[in-house]
Amino acid sequence: MVARRTDTDGRRAAVVAGVGSCLPARTVPNEELAARLDTSDAWIRSRTGIARRHVAAPGTATSDLAVGAGARALKSSGEPAVDAVLVATTTPDRPCPATAPLVAARLGMTGAAAHDVSAVCTGFVYALASAAGLILADVAERVLVIGAETFSTLLDPGDRSTSVIFGDGAGAVVLRSGTAGEPGALGPFDLGSDGESEALITVPAGGSRQRLSGVPPRPGEEFFTMSGKEVFRHAVRRMTGSAKAVLARAGWTAEDVDHMVGHQANSRITQHVAEGIGLPPQRCFSNIAEVGNTAAASIPLALDQAHAKGVLRPGQRVLLTAFGGGLTWGSTVLTWPRLDPS
Ligand code: COA
């Protein structure tokens with residue numbers, strides 16, 4: 001689905017006004033996984049680009065990381081509060097209620113609209129689109145959009161194919177009402193899904209399908225499972241298609257893109273997507289070596305780190321593209337604004 005572009009220059013738009021992130025202190029290098037699983041540092045680096053990932057300490061929850069990232073994004077925006085808080089996550093604190101109201105309360109914003117967005121690794125791009133919708137519909141002037149995960153809680157510690165890939169973390173942006181054409185204005189968006197392929201990325205147990213089947217979960221069914229090879233192919237195809245669609249809608253060519261900040265799924269996936277779009281590898285920001293795949297947190301975490309390192313500079317044109325379980329995918333573009341550090 002490509003959103004219709006109704007916001008020409010001068011019209012209302014959702015504008016990025018702040019950015020922040022939060023990582024748990026503990027890092028797990030590949031060697032630590034190789035000590036307990038049939039894998040190696042060399043295999044993980046060459047097949048995924050990952051050297052280490054951050055893992056939340058016992059007693060931590062997704063909301064803790066979300067609050068850390070959200071507070072920094074608010075500070076960077078210079079605004080103490082917003083009208084709505086959206087949290088994109090695959091790993092909410094509890095199945096019910098959503099995590100966002102608690103995050104809003106802990107950030108001193110009891111009373112703000114707050115809900116979660118569930119689209120696995122595409123969650124942040126879906127949340128950006130939803131937040132932009134709230135602003136364009138005049139429901140909110142400012143929205144805090146957070147991607148936060150404690151993905152380690154979903155992993156089967158004995159499954160080498162998933163344990164080596166995922167990490168924990170959170171990233172956030174503040175969106176404010178502004179005008180299309182100004183630096184930081186988001187859009188257009190491209191969003192899509194393919195539920196026929198839902199089984200490729202799934203947690204089999206714990207939902208209504210399993211509970212109402214009358215069959216108790218088999219051991220391990222509470223963990224995240226993924227058909228790696230097929231997911232790889234879908235990820236490359238869908239992110240490339242979505243990125244091309246959004247560029248066409250924006251009237252940009254690959255030459256116009258200074259940086260692609262894609263979902264950090266696997267560095268080989270990013271390289272294939274870049275090739276498909278016609279972007280040289282040096283224009284693809286990558287932090288996967290240090291943080292792994294942090295699912296819904298991946299893009300805002302990458303944005304904050306790229307901004308902090310001075311890689312993203314004001315006026316540069318940025319393409320965001322993501323793919324995840326569902327299957328889901330989505331992309332958007334913006335010109336990077338001048339922001340305070342978080
Ligand atoms: N360490 C060592 N060997 C491993 C391994 C690991 N961690 N994981 C798998 N292998 C083995 C396989 O068992 C297989 O062995 P075999 O040839 O003897 O059967 C071999 O490596 C190749 O497996 P394959 O699954 O083809 O590897 P791959 O190159 O496709 O890499 C993934 C596996 C999971 C890294 C890759 O498929 C991937 O990144 N998929 C997408 C993941 C993703 O992005 N998911 C999130 C989407 S948002």
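Contact here means heavy atoms within 4.5 Å, a handy cut-off to keep in mind for the helix views of this predicted model.

**View 1. Helix α11 rests on two strands.** Helix α11, residues 298-308, lies across β11 and β12. Relative to β11, the helix runs at about 140°.

**View 2. Four strands form an open sheet.** Follow the order β8-β13-β12-β11 and you have walked through this open sheet, whose pairing is mixed. Its edge strands are β8 (189-193) and β11 (259-262), each of which pairs on one side only. On average, neighbouring strands of the sheet are turned by 15° against each other, direction ignored.

**View 3. β8 meets β13.** Strand β13 covers residues 328-335, and β8 pairs with β13 in the antiparallel sense over five bridges. For a landmark, look for leucine 191, which stands opposite glycine 330 in β13. As a reminder, strands of a sheet pair through backbone hydrogen bonds, either parallel or antiparallel.

**View 4. Helix α5 spans three strands.** Here helix α5 (residues 123-136) lies across β8, β12 (317-324) and β13. The direction of α5 is at about 125° to β8.

**View 5. Cysteines without a disulfide.** With a disulfide taken as a pair of cysteine sulfur atoms within 2.5 Å, the count in this model comes to zero. Cysteine 22 is in no disulfide, and the nearest cysteine sulfur, belonging to cysteine 121, is 19 Å away. Cysteine 22 counts as buried because its relative accessibility is 12%, under the 20% limit. Cysteine 96, by contrast, has 62% relative accessibility and so counts as exposed, the cut-off being over 50%.

Technical notes: Residues are numbered from 1 along each chain as its sequence is written. This is a predicted model: local features need pLDDT of at least 70, side-chain atom pairs count only at pLDDT 80 or more; totals for chains, interfaces and linings use all residues. Side-chain values use heavy atoms; hydrogens and water are left out. Buried means under 20% relative accessible area, exposed over 50%, partly exposed in between (1.4 Å probe, protein chains only). Two strands pair if DSSP finds at least two bridges between them. Axes are lines fitted to C-alpha atoms, for helices over the stretch in contact, and angles run from 0 to 180 degrees between N-to-C directions.
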